[in-house]
Amino acid sequence: MKARPFIKWVGGKRQLLPELVARMPKEFGTYHEPFVGGGALFFEVRPKMAVLSDVNVRLVRTYRGVRDNVNEVIRLLKTYPHDKPFFLRMREQDIDAGTDAEVAAWFIYLNKTCFNGLYRVNKKGGFNVPFGDFKNPTICDEDNLRACSEALQTTRIVCGDFSGVLLRASPGDFVYMDSPYVPLSATSSFTSYTEKGFGPDDQKLLRDVAVKLKQRSAHVLLSNSSAGMVRELYKDFVVEEVMAKRSVNCQGAGRGNIAELLIH
Ligand SMILES: C[S@@+](CC[C@H](N)C(=O)[O-])C[C@H]1O[C@@H](n2cnc3c(N)ncnc32)[C@H](O)[C@@H]1O
């Protein structure tokens, strides 16, 4: 069975997949995705060797839980009811003290039942997205979770800043970097994937990491918004504009078609 992302993630790349796949090298060594999020491209490509990473420790532990103990994740999810009081209790739980499987079930449950599948935390790391208005969400898609677990078996899953990819990527490897986007306007930023956000200095550092990867002959592909800053940062790269339909909109500029940039 084909695996699909087991969480809904802001900026998820499912509908840009054909455009991304078309820009991947035919052959490459290890696949690296240092802003893995929902991992849409990873699950589409199912590379033999991959290193997936993200700065969100609960997300990383969720991937490990699904990879290493999918039976327990499924068992737990089946005991979680879809109701608001239970959701509110889950939200308050000190989940970081749990096992990877418990973190995974917690993360997946909240993702399927919260408003728009958002992940947003307060300064102390507390999950603060309200209960969603879904009639009957699929909290436990057992077949897909098993397919994802299978796809993850040969992956290394690392928690940390994207710049760690420089320690791991070798010549001939492929690196896909789908960072938080540069906001299109001052009022439209969605940078709350983490407590810290992702500002202009991070965007510059990301460009520098991409340059270094290219210098060592790794294949690099990035996606970002069509903000002027992105075009400026990547003026020495190939920059292509593609249209994406955004339903959970990271730019806040309304729903519908929006131009995004693929950079290599
Ligand atoms: C646009 S999302 C990736 C979406 C993903 N491509 C998908 O298909 O779902 C960006 C991800 O970057 C992560 N992130 C934010 N700042 C980071 C950093 N400094 N280093 C690594 N990951 C970071 C967030 O936790 C989030 O999961």
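The shell around the ligand divides into 9 nonpolar, 8 polar and 5 charged residues. In total, 22 residues surround the ligand. This is a predicted model. The protein has 10 helices and 7 strands, and its domain assignment gives two parts, domain 1 and domain 2.

**Ligand shell**
- The closest residues to the ligand are G11, F35, G37, G38 and A40.
- Nonpolar residues number 9 in this shell, polar residues 8 and charged residues 5.

**Overall size**
- The radius of gyration of the protein is 18 Å.
- A compact globule with 264 residues would have a value near 18 Å, so the protein agrees with that expectation.
- Along the principal axes, the C-alpha atoms fill a box of roughly 50 × 40 × 30 Å.

**Domains**
- Domain 1 is assigned to residues 1-55 + 160-264.
- Domain 2 is assigned to residues 73-146.
- The C-alpha centres of domain 1 and domain 2 lie 25 Å apart.
- At the boundary, 11 residues of domain 1 are in contact with 13 residues of domain 2.
- The side of domain 1 that touches domain 2 has 7 nonpolar residues, 1 polar residue and 3 charged residues.

**The sheet**
- An open sheet is formed by 7 strands, and its pairing is mixed.
- The strand order is β3-β2-β1-β4-β5-β7-β6.
- Strands β3 (155-159) and β6 are the edge strands, and each pairs on one side only.
- On average, neighbouring strands of this sheet are turned by 20° against each other, direction ignored.

**Helices on the sheet**
- Helix α3 (residues 57-68) packs on the sheet and touches β2 (50-54) and β3.
- The direction of α3 makes about 155° with that of β3.
- Helix α9 (residues 200-215) also packs on the sheet, touching β4 (174-177) and β5.
- The direction of α9 makes about 160° with that of β5.

**Strand β7 and its partners**
- Strand β7 covers residues 256-263 and pairs with β5 (residues 219-225) in the antiparallel sense.
- The pairing of β5 and β7 runs over 4 bridges.
- From β5, S223 has L262 of β7 as its bridge partner.
- L222 has I263 of β7 as its bridge partner.
- Strand β6 (residues 239-246) is joined to β7 by 8 bridges, and these two strands run antiparallel.
- V239 also has a bridge partner in β7, namely I263.
- I263 is thus named as bridge partner for both L222 and V239.

Conventions
Residues numbered from 1 in each chain as written. Predicted model: local features only at pLDDT ≥ 70, side-chain atom pairs only at ≥ 80, totals over all residues. Near = placed C-beta within 6 Å. Nonpolar A, V, L, I, M, F, W, Y, C, P; charged D, E, K, R; others polar. Domains from an automatic or database assignment. Contact = placed C-beta atoms within 7 Å. Pairing = 2+ DSSP bridges. Axes fitted to C-alpha atoms, helices over the stretch in contact; angles between N-to-C directions. Rg over C-alpha atoms; globule rule 2.2 N^0.38 Å.
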